[in-house]
Amino acid sequence: MSPAHIATPADDELIFAEEEPVQESAAADAHWTLLIVDDEEDVHTTTRLVLEDFTFDGIPLRCISAYTGAQAMEILRTEKDIAVVLLDVVMESNHAGLHVARAIREELDNRLVRIILRTGQPGQAPERKVIISYDINDYKHKAELTSQRLFTTVYTALRSYRDLRVIEQNRQGLRHIIDASADLFRIRSIRQLAQGVLTQLSSLYGLFSGSVYVQTSGFTATSENHESLQFIAATGKYDALQTDEGCPQLSSDVRAAVQQAVEEKRSIFNGRDYVGYFPARNGREHLIYLEGLSGVTPPDENLLQVFTNNVAVAFDNVYLNKEIINTQKEVILRLGDVVESRSKETAHHVRRVAEFTRLLARAAGLGEETAELYLHASPMHDVGKIGIPDAILLKPGRLTDEEREVMKTHTTIGYHILNTSERPIMQAAAIIAHEHHERWDGTGYPQGLKGDGIHIAGRITCLADIFDALSSKRVYKEAWPQEKVLDYIQAEKGRIFDPALVDALFANMEEIDRIRDRYQDAH
């Protein structure tokens, strides 16, 4: 056990008084947490007394206590922000403190917390052996820990912890940005990039309060309509406020600061809080609000402005990529409309088939990304009809055998038009154009594929196309009643159609009906 008294120089010694331990007050919004692990009450009391008015970077110290190694581990598992552990070696066993030190690093995988080993019996844990064998940050004999040396030890440990946390936050921010840059074609990449920017700024400038990233167009701070202010990302105390429905929860002070930056078209720094302003090419204005930004010099402020300007360029690139993708999707849809118009088919046929295709892809468990891909590729399923002569394509009566063979070539014509592109949408569209007339039993065309040998995109579009064609009026027929259509689909289950997809269609008829109501043809 550790000795009850420590002999130190009289002018700077720790006196273990017989008094009740100091009760810790409620933690402030910001604090450094020190865990005292020792089996002697006097050690806790005196440590708290010496560090009572301690601050580091203007932030106070919060002390919590554990009296055994087991108690220390319980606290460490629940308290995630412990900065420093003052750890006794000999407690419930001769090496309890060493076991805790190893468990912190290996079991909890906590590399940030600074571990200061304190022992009154150095023979139980020789310094050289402990330093080599355990990942601790300092080793102190209790006999040498005067009040000044305890202050210095804790202060330097906190400095190391702060710097390591900044490095970790930098790593987290870089991870966000790398994830975003590798995934720019996803909608969420904008939020990921914004989150990474805030994390980087928070770590670079030591922000432990909070930050907000918003974009706006025509924003008014006093307006009750918050829709023009879109919340993109946040950190710290603002993280819980994130919403896709504007920013009604932001305080009036934050909104006023944002409003000022928008009105003056510039970034604003009031000595504590910073609002970075940068317009994007799409007409929106981007703003970063950083709270608790202290110790920033004019050169730092200039660099911050340069950084936010570069962020604006990055967002312009993200929006440009989105615009390119959206343009591709619209061109495909419009071309599908042109093909259907030429063949005198219904105006909304391609839109309904696209929506049915996405619905069936989701029901088949293909995932949202694949379902979206098929949604945008399926409008091209009949693009090959542009190569079919009008005399055959627009013939109101039954086709001859020779004419029918010509009509069948639209599948290979469409495939050859699309398959030379390297774009994923075009590749999917080529497969759909080529295989949407294949049959589950192998009697379809142009390749006579059978069962799972038909690409799932072709099987899905086949069902979606025929279901809508039977349900719609064409130049050569009237629309069938839905009951008749469903009877036909059921009868051809396992012949024309993939049985699992037919089941999925019947299971989702309510959504099918909603899609048909949304895209009704004009009569």
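This is a tutorial dialogue on reading local features in a predicted model.

User: Where should I start with the backbone, and which peptide bond is cis?

Analyst: As a general point, most residues other than glycine have a negative phi, and most peptide bonds are trans. In this predicted model, a cis peptide bond joins Tyr445 and Pro446, with omega at about 10°. Pro446 is in the loop between α14 (424–435) and α15 (456–471).

User: What else can be said about that loop, for instance where Gln447 is placed?

Analyst: Gln447 is also in the loop between α14 and α15. With a relative accessible area of 42%, Gln447 is partly exposed. Its C-alpha atom is separated by 8.8 Å from that of His434, and the two residues are 13 apart along the chain.

User: Which phi value does Asp57 have, and in which loop is Asp57 found?

Analyst: Asp57 has a positive phi of about 55°, although it is not a glycine. Asp57 belongs to the loop between β2 (55–56) and β3 (59–66). Its relative accessibility is 46%, so Asp57 counts as partly exposed.

User: And Asp109: what is its phi, and is Asp109 buried or exposed?

Analyst: Asp109, again not a glycine, has a positive phi of about 50°. The loop that holds Asp109 runs between α3 (96–106) and β5 (114–119). Its relative accessible area is 54%, and Asp109 is therefore exposed; the cut-off for exposed is over 50%.

User: Turning to side chains, how many aromatic pairs does a search of the whole structure find?

Analyst: The search finds nine aromatic pairs. One of them is Phe151 with Tyr155: the ring centres are 5.7 Å apart and the planes are at 25°, so this pair is stacked. The cut-off that decides this is planes under 30 degrees apart. Phe151 and Tyr155 both lie in helix α5 (residues 147–181), four residues apart, about one turn of the helix. Phe151 is partly exposed at 33% relative accessibility, and Tyr155 is partly exposed at 24%.

User: What does an edge-to-face pair look like here?

Analyst: Phe356 and Phe467 form an edge-to-face pair, 5.6 Å centre to centre with 75° between the planes. Phe356 lies in helix α9 (residues 349–363) and Phe467 in helix α15, so the pair ties together parts that are 111 residues apart in sequence. Phe356 counts as buried at 1% relative accessibility, and Phe467 counts as buried at 1% as well.

User: Which residues do ring pairs link into a cluster?

Analyst: The cluster consists of Trp32, Phe54, Phe56, Phe151, Tyr155 and Tyr161. The stacked pair Phe151 and Tyr155 is thus part of a wider set of linked rings.

User: Which charged end sits over the ring of Trp480?

Analyst: That of Lys484, 4.2 Å from the ring centre.

User: How should I read the nonpolar core, and which residues touch the most other members?

Analyst: The general idea is that in soluble globular proteins, nonpolar side chains tend to be buried together. Here the largest nonpolar core has 38 residues, of which Phe467, Ile489 and Leu505 touch the most other members. At least two residues of this core come from each of α9, α10 (368–377), α14, α15, α16 (482–491), α17 (499–507) and α18 (509–518). The largest share, eight residues, is supplied by α15. Phe467 therefore appears in two roles, as a partner of Phe356 across helices and as a core residue.

User: How many cavities of 30 Å³ or more are there, and what lines the second largest cavity?

Analyst: The search of the whole structure finds two such cavities. The second largest has a volume of about 40 Å³. Its lining is made up of Glu438, Arg439, Trp440, Ile454, Arg459, Cys462, Ile496, Phe497 and Asp498. By class, that is five nonpolar, no polar and four charged residues.

User: One last item: where is Phe278 found, and is Phe278 buried or exposed?

Analyst: Phe278 is in strand β10 (residues 274–279). At 2% relative accessibility, Phe278 counts as buried. Phe278 and Val313 are 35 residues apart in sequence, and their C-alpha atoms are 9.4 Å apart in space.

Terms used
Residues numbered from 1 in each chain as written. Predicted model: local features only at pLDDT ≥ 70, side-chain atom pairs only at ≥ 80, totals over all residues. Heavy atoms only, no water. Buried < 20%, exposed > 50% of the residue type's maximum accessible area, 1.4 Å probe, protein only. Phe/Tyr/Trp six-rings, centres within 6.5 Å; stacked < 30°, edge-to-face > 60°. Lys NZ or Arg CZ within 6 Å of the ring centre and 35° of its normal. 1 Å grid on protein atoms, 1.4 Å probe; cavity = no way out; pocket = protein on both sides within 12 Å on 5 of 7 lines; lining within 4 Å. Points joined across faces, edges and corners; volume = space filled by probe spheres on them. Nonpolar A, V, L, I, M, F, W, Y, C, P; charged D, E, K, R; others polar. Core = buried A, V, L, I, M, F, W, Y, C linked by side-chain atoms within 4.5 Å.
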